[in-house]
Amino acid sequence: MSEPLIPADLIHRLRSARRVAVLTGAGISAESGVPTFREAQTGLWAQYNPEELATPDAFRRNPQLVWDWYIWRQERVRLAEPNPGHLALVEMERRIADFTLITQNVDGLHRRAGSHQILELHGNLFRAKCFSEDCPVENPPLESGEIPPRCPQCGGLLRPDVVWFGEMLPANILRAAEQAATQAEVFFSIGTSALVYPAADLPFTALTAGAMVVEINPQPTPLSPHVTFSLNGAAGVVLPALIAQTWGIVA
Ligand code: OAD
């Protein structure tokens, strides 16, 4: 299969761009075998909707069940590897003076791929925080066997450090993402259904500020009619082609 042809105007703009921002969603991890949100849950978890597990009330009702779900997701992500889409964004970061990677994903695959300037809008599966004090705890003591794990500071319950339905996003990270969207010359929306706010606002912030906005997704989304270029394909195919045709290299 020949590689997708990247629009010449996009290539030209990227070659001279100083500030680029990228928003990614679950779709960029799909080719790593990590299911997207809109795909049905599998196995034991098929009986649950994420909305029934990823909420403070669900955690209060049954912290053990919620932690079992997150530990299952951690195990699935540990088995996954960054794919060519993640690696292409690492290369783009090397080529752009002021590059910001904004992700809705909590799987940590962008960091494992080698990206550095990452804004995790929805948190990270592998971090925990105290359910009552909200203080972060890196590498929570999950191996010690006690589930749900206890906060080393106050002895209360630890919770996954991810944004649950109905919760606010970390204000400082959202502010940095909005600033990156406002200043970007080129803004990419990759592998996201563009349905969940405030993340879904960011491409429109970039459009309003005059950026060239590019969507990469095999399916149309509510953002598609508004973007400068809509590249209909898998991130793991389109992004390496974009890097190769823009900078003449294979990421
Ligand atoms: P979704 O599952 O809503 O959307 C995934 C998108 O990826 C869809 O538009 C697919 O068409 C697209 N897609 C699938 N395979 C792809 C591929 N190989 N390359 C590119 N795109 C592909 O996931 P998100 O948009 O990330 O929020 O969901 C946004 C938020 O909704 C999540 O962060 C989560 C959820 O509620 C929180 O957890 C707070």
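## The second largest pocket

In this predicted model, the second largest pocket has 19 lining residues, and Lys129, Arg159, Asp161, Val162 and Glu167 are the ones nearest its centre. Three elements give two or more residues to that lining: α4 (56–61), β4 (123–130) and β6. Of these, β4 takes the largest share, with four residues.

As for volume, the second largest pocket holds about 210 Å³ of space. Sort its lining by class and you get nine nonpolar residues, eight charged and two polar.

## The second largest cavity

Now for the enclosed spaces. Rolling a probe the size of a water molecule over the atoms shows where empty space is left. Here, two cavities come out at 30 Å³ or more, and the second largest of them has a volume of about 50 Å³.

Who lines the second largest cavity? The list runs Thr103, Asn105, Asp107, Gly108, Leu109, His110, Arg111, Ile118 and Glu120. Both α7 (109–113) and β3 (118–120) put in at least two residues each, with α7 giving the largest share, three residues. By class, the lining of this cavity splits into four polar, three charged and two nonpolar residues.

## Cysteines without a bond

How many disulfides are there? The count is zero. Take Cys130: the nearest cysteine sulfur belongs to Cys154 and sits 3.4 Å away. A disulfide needs the two sulfur atoms within 2.5 Å, so Cys130 is left without one. Cys130 is also buried, because its relative accessible area is 0%, and under 20% counts as buried.

Cys135 is in no disulfide either; for this residue the nearest cysteine sulfur is that of Cys151, 4.3 Å away. Is Cys135 buried, partly exposed or exposed? With 22% relative accessibility, Cys135 falls in the partly exposed class.

## Gln153 in its loop

Gln153 belongs to the loop that runs between β5 (136–138) and β6 (158–162). Its relative accessibility is 59%, so Gln153 counts as exposed; the cut-off for that class is over 50%.

Which residues does Gln153 touch, leaving aside those up to four places away in sequence? The answer is Cys135 and Val137. So the partly exposed Cys135 turns up again here, as a contact of Gln153. Thr100 is another matter: Gln153 and Thr100 are 53 residues apart along the chain, and their C-alpha atoms are separated by 33 Å.

Conventions: Residues numbered from 1 in each chain as written. Predicted model: local features only at pLDDT ≥ 70, side-chain atom pairs only at ≥ 80, totals over all residues. Heavy atoms only, no water. Buried < 20%, exposed > 50% of the residue type's maximum accessible area, 1.4 Å probe, protein only. Contact = heavy atoms within 4.5 Å. 1 Å grid on protein atoms, 1.4 Å probe; cavity = no way out; pocket = protein on both sides within 12 Å on 5 of 7 lines; lining within 4 Å. Points joined across faces, edges and corners; volume = space filled by probe spheres on them. Nonpolar A, V, L, I, M, F, W, Y, C, P; charged D, E, K, R; others polar.
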